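Reader: Could you take me through one part of this model in detail, namely where the two chains meet? I'd like the cut-offs spelled out as you go.

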Amino acid sequence: MINAVLVMNTQGKPRLTKFYKQVPVEKQQEIIRAIYAVLSSRGENYCNFADASNISGSDNKLVYKHFATLYFIFVVDGAESELAILDLIQVFVETLDRIFKNVCELDIVYNFNKVHTVLDEIVMGGQVVETNSADVMKAVQDIFKLERAV
Amino acid sequence: MGSSVMESFFQRSLDDLVKGLRVQVIGEARYVAKALEETRKEIKSTDLHTKAVAVQKLTYLHMLQGLDISWAAFHVVEVMSSSKFCFKKIGYLAASQSFHEGTEVLLLITNLLRKDLGSKNEYEAGLALDCLSRIATPDLARDLTPEVFTMLTSSRLYVRKKATLVLLKVFSKYPDAIRIAFKRLVEKLEDSDTQVVGAAVTVLCELAISDPKPYLPLAPEFYRLLANSSNNWLSIKLVKIFGVLCPVEPRLARKIAEPICEQMRKTGAKSLVFECIRTVTLGLSEHAGAVELAVEKLKEFMAEEDPNLRYLGLQSLSPLMSSHPWALTENKLLIVRCLKDADPSIQVESLRLITGMVSEDNVIETVEILLQYARSSEPVFCNELISAILSTCSKGIYDLITDFTWYVQVLGAIARLPNCEHEAEVERQLVDIGLRVKSVRGDLLKVCRELLMDPALLDHAHLHKALSAAAWVVGEFAEVAHDPFQLIEALLQPRTKLLPASVHAVYLQSVLKIFVFSTHTWVRGFVSTGDQGGTAVVEEEFEKNSREGVKDQEENLSGSAGISSPVFHDLNPNSEERIDNRQHKKPMVEDKEGTCAESNVHLATRISSRLILEMMELIRVNVSPLLNSVEMEVQERASNLLGLLKKVQEILGVRNDKLHEPMDIHTMEQHSSTAANVLAGIQSIFSVEPGPVSLLAQSKVTVPKGLDLVSSLDELGHPSYVDDDPGTEKDWEDGRFFLKKSRDGSISGETSSLLALHREKHVTFYLPNQAYFGDSNDLSQPLQEDAPMLSDRLADSLMLAEPKPQGSKPPQAKARPVVIRLEDEQEPFDHPSKSRKGLKVDILSTTIREVLMENKTKSWATSNRRDARASTSKHHRRSHRSAKSKKHERNEHGDVVQALDETIMSRDAIEDDVNSPQIGKAEKRSDASSRRHSKHSKNHAQLTRENREGMRYSRQRARSPLNIQPEVAIIPDFLL
C-alpha cells in the first residue's frame, strides 16, 4: 500500500502532502522532516529508493524522483513494486505537465487543489487506481469542467 | 493591503494567502497566526462561497504548516453538503485530509455520504468513495456497505473501479462486509474492463499479503488472468500474489514456476521481470530452473548502469543466501564491485550479502577485501564495514576463525583506522581472545605492543579504549612477553598523560604486573642458580646475554636462548617437572605457574640485574609525578606501584643514588632470596587467571542452606512503620522504648532501634546475627564455607574446556587453536531468525475463508454424495477414484497422468495428516481418508469404508476443534 504521497522542494518545504494512513498532524510534520533529512543527504546518482522503516513503519520505503527543484515522494510498504511506483511517479508528473503546460514548482504552490485532484485519480485510499496518463487527464478535465460550471 | 473595511468585503483568496506567505516580512508563524484569525471569522460567514474559500485556506495551512483544524470540522461538513460541485469538492478534500477516527462530526456525515454515493454524477460519487477510502470508521463502513455493494455493479466504469478499491478499506474496518461483498469482489476478476479487474486484483493482493491462505482457491483465476494479462501493473500484482501463495502451497509452486519463468522471458518491462524474480526467490526457491533463470536476470540487473536495478538486484539476492549460496558466489565479483558504489544504500546491501557469504574457507580473503575498502571509504560506510568484520568474525565464539594470529592483526589494523567508531568492540574482542585462546597470546601481545608503542596513537580519543585493552593484555599475559622492559617503556611514555584517567589507571596496573613478573622471574632464576653454587658463572652469562639482548633483540633471541637454555634445565630441575604437570591438566593456578616456569627459561636469559635496576629507575622517574595527579584512580595506582617498588628496593638494598655502581648489583643479589619470597607472594596473586564467564554461571551456584530466596518480601513492610508490636505503645508512653531496644543491638538512635525491631520480627530475611553486627571476620565466615565449592565448580567448568597442550606456538594457519568455550555458552550475536512470522489469525481472513468455503461447499456436497455412493462399492479402484473431487472425476486424462496425480495427492495427504491441525470438515475427511485408503489399502481391506470414516471422524473430533476449514483440498484440481 502507498502510505503517503509527498511533494517537497529541495529546501525541504512541503508543497503537497497526502497521508493514506491516518497520522496525527504533528507526526505528519515529523515524518516530512525525517524524509527531507534522508533525501537531502542523498546524491544525484543514488538509486531512487531509500529505507524508511525508521520513519513511517517497518518495511516502508521511500520511492522518490527529483525533478528540478522538487522531490516527488511515495512512501510505500512491501506490497508495492518499487519500479512500478517509479513509473507511477512519472505518470503523475507527466499528467501535471500536461495540465500546467511545463509544470514548475509555482504551479504546484498555487494550485494545490488541482494537484490533489490529479493525485486522487491516480491513487485512492493508498491503492493505485489508474496508471494511464490519458485516462487520468480525461477524468481531471471533466472534474475541472464541473467545478467551473456554476 | 486595503483597509479593514475593504477586507470584510473582499476576502483573501487562497492565491492571496499563498502569495502573502511567500512575501511576508513579519515571520511565517506570525503570518499564519494572522491568516488563521482571519479565516476563523470568515468561516462563520453565511455566504457559502466565503465559507468554502475559508475551508480551502484551512486545508492548505493544515497540509503544509501542520495546523490543527479539527475545530472547523463542522464547517467542513457544511461545505461538503453543498449542492454545488466546486464547493462540495473543497469540502471533501478538507474532510479527507483532516478528519480522523476521533472526529465527532463523522457521525453526521453518514447520510451525506450515502446521498453522494448514490449521486447520478459519477464524479460526485467518486468524491464520496475517495473520502470513504480515507476516513472510514467501523460505523461508516457498516452503514455504507449496501451502497458500495450496489456500486460494484454500476454501469459506469469510473464508479465501478473506485467502488472495488474502496472495498479494501470497508473490509478492514467492518469485516462482516466480506460476507456480503466478497463474492462480488471475486466476480470483478471477470469484469469486462481491465481497470476494474486491476482494482479487484489490487484489493486481493493487499488482502493476501496479510494472510495468504484463504485466497488459495482463487489461484486458478489469478493464473488465468496472468496468462492473458497485457497490463504490466496487473501482471506485477498477480505475480506478487503468487509470491505469497506459493510458500503456503507447494503444489501451487510446482504449477506456477513455469508460467512465471515464461513471463520473465517474454516481457520487456524491468519492473515485471523484477517482480518475477522476487516471487521466485521468495516462493519458488525449490525450483532449480526458475532460480537459475532468476539469478541470470539478477546478474543483468547488477551489471546495469541504473543504480535502481543494482540496488534491487542486490536486495533480492539475499533471500537466496541460505537456500542457494551458489547464486551469491557466482556473482561475487559483481557484488564486491558494488562496495565502492557511489550510493551508500547499494554499498550496504552489497556488504550484507558479502558478510552472508563468509565461510571458514573464505573468511581471510573476504575480511582483507573489506578492510581494504574500509581504508578508502567514507567514515559512515567505513564503520559499517568495521562493524561487519567484527560481528562476522566473532559470530558464535569466533567460529569462523582458524588463524587467530591473523585475526588479532586485523583487530590491530581496525583499531588504527582513523574513522573507527567501534573501539569498544575491538577492546572487548582483544581481551576476550586473550582469555579464550591461549596459543595466540604471544601474537596478541605483539599486536598490542605495537599499538602501545606508537606515540601517535595516543592523540586519538577513539583509540583509547583499544589501547586500554592492549595495556591490559600486555600486563595480564606478561609471561609471554619477550621484552618486558620495552613494554614498560611504552606504558610509561610521557604522552600517556593524554589518556583519560580510567585508561591511564589500566596502564599503571599493567606496569605493576609486568614489573612484578619480571623482577620475580629474575629473582627466582637468581635464587635457583645461587642454590647450585654457580652464581658467578651464570651471572656473567646473564649479563652478557641481556646486554646484547636489549641492544638487538630480534637478532639475538635465538642465539642467547641456545646458549643458556641447557644451563637452566640442568640447574633448575623443577621447571621440567612443572612442564610435565601442565601436560596432565592440573587446575588453573598450577597450570599458570607451569607456564611461568617454562617462559622463565626464555625470559630469564634476557633479564639481567642491570635491566632490573634500569626498570626500577624508569618506573620511579616516570610514576613519581603521577602521585600528584588529580585523578584519584591514577594517583592511587601510582602510589601502590611506587610503594611496592620502594619495598622491593629496600629488600634488595638498592639505593637510587648509587644505581650505577657495580657494587650495588652485588648487594642486590645477596638479598635476592628474601625478595623472592615477597615477590612470589605478589606474583601468585596476579597469576590467578581470569577466564570467560558464562551467562548462565549464576545458575550453577547452589543456594546455601538456610538462605530463603522464595518467600515473599511483601510482609517485610518498611522498617520505620512497625505496626503491631504489642509493647510499643506502652513503651512510648513510658519513654522506655529506646532503652528497651538498645539492649538488643549495639546501635542506638531511633532508626537503628526500629531496624533492630524489624530485624527481630523478620529474622529470616537478615544475615545471621554475628555476621551482621560482629566484626569483619565473622561476616566472611558463612561465605568462606561456600567459597572452595564455588571455585571448584568454576575450575571444573573451565577445565572441561581446557585447551589441549600444544607446542609453544601453534602451527600457522592449520589446525584451529582451541578456543575456550564454556559448556553452556550461548552465542552473543543473534542470527536472523529463520522462522517466518506467525500467521496472525485475524477476523478478516477467517471471514473470507468462511465466505469462500460457502461457495465451495456446494460442489463438495455433490462430490460427497458421489463418495458415499461409491464407497458402498467394494471395488477398491472404484472407491479410490470416487474420492477425487467432481472435476477430477470428470476429467478424461490418461491413466498415467492420473496415477501421477494420485501419487502426489496421497503423499500430500500424509503430509497433511501429520502437519495440519486444521482438519475437520466432512469434505476433507472423505477426501483424505480415501487417499489414505489408497496408501494402506491392504492393511485395511477387511474394514468397510464406513467404519473407517467413522473412526477417523471420532479421532479428529478429539484432536481438533470442529468448524475449522480444510487447508489443502480447497484448491480445485485444475491446477494440480
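Author: Sure, let's start with the area. About 5100 Å² is buried between chain B and chain A, and carbon and sulfur atoms give 57% of that; buried area here is the accessible area (1.4 Å probe) that two parts lose on being put together, summed over both. On the chain B side, B:Met63, B:Arg134 and B:Trp233 lose the most area to chain A, together 14% of what that side buries.

Some housekeeping: this is a predicted model, where local features need pLDDT of at least 70, side-chain atom pairs count only at pLDDT 80 or more, and totals for chains, interfaces and linings use all residues. Residues are numbered from 1 along each chain as its sequence is written, chains are lettered from A and ligands numbered from 1 in the order in which they are written, and side-chain values use heavy atoms, with hydrogens and water left out.

Now the contacts (heavy atoms within 4.5 Å): 60 residues of chain B touch 55 residues of chain A. The rule also finds seven salt bridges across this interface, each being a side-chain nitrogen of Lys or Arg within 4 Å of a carboxyl oxygen of Asp or Glu. One of them pairs B:Arg278 with A:Glu82, with the closest N and O atoms 2.9 Å apart.

Polar contacts come next: 25 residue pairs across the interface, both at pLDDT 80 or more. Such a contact is a pair of N or O atoms within 3.5 Å; within protein, one must be able to donate a hydrogen and the other to accept it, and residues adjacent in sequence count only if both atoms are side-chain atoms.

Which element of chain B gives the largest share of the side that touches chain A? That's helix α4 (residues 48-65), with seven residues; helices are DSSP runs (H or I, at least four residues), numbered from the N terminus. By type, that side of chain B divides into 27 nonpolar, 15 polar and 18 charged residues, where Ala, Val, Leu, Ile, Met, Phe, Trp, Tyr, Cys and Pro count as nonpolar, Asp, Glu, Lys and Arg as charged, and the others, Gly among them, as polar.

For context, a search of the whole structure gives 42 salt bridges over all chains.

Technical notes
Helix = DSSP H or I, 4+ residues; strand = E, 2+ residues; numbered from the N terminus.
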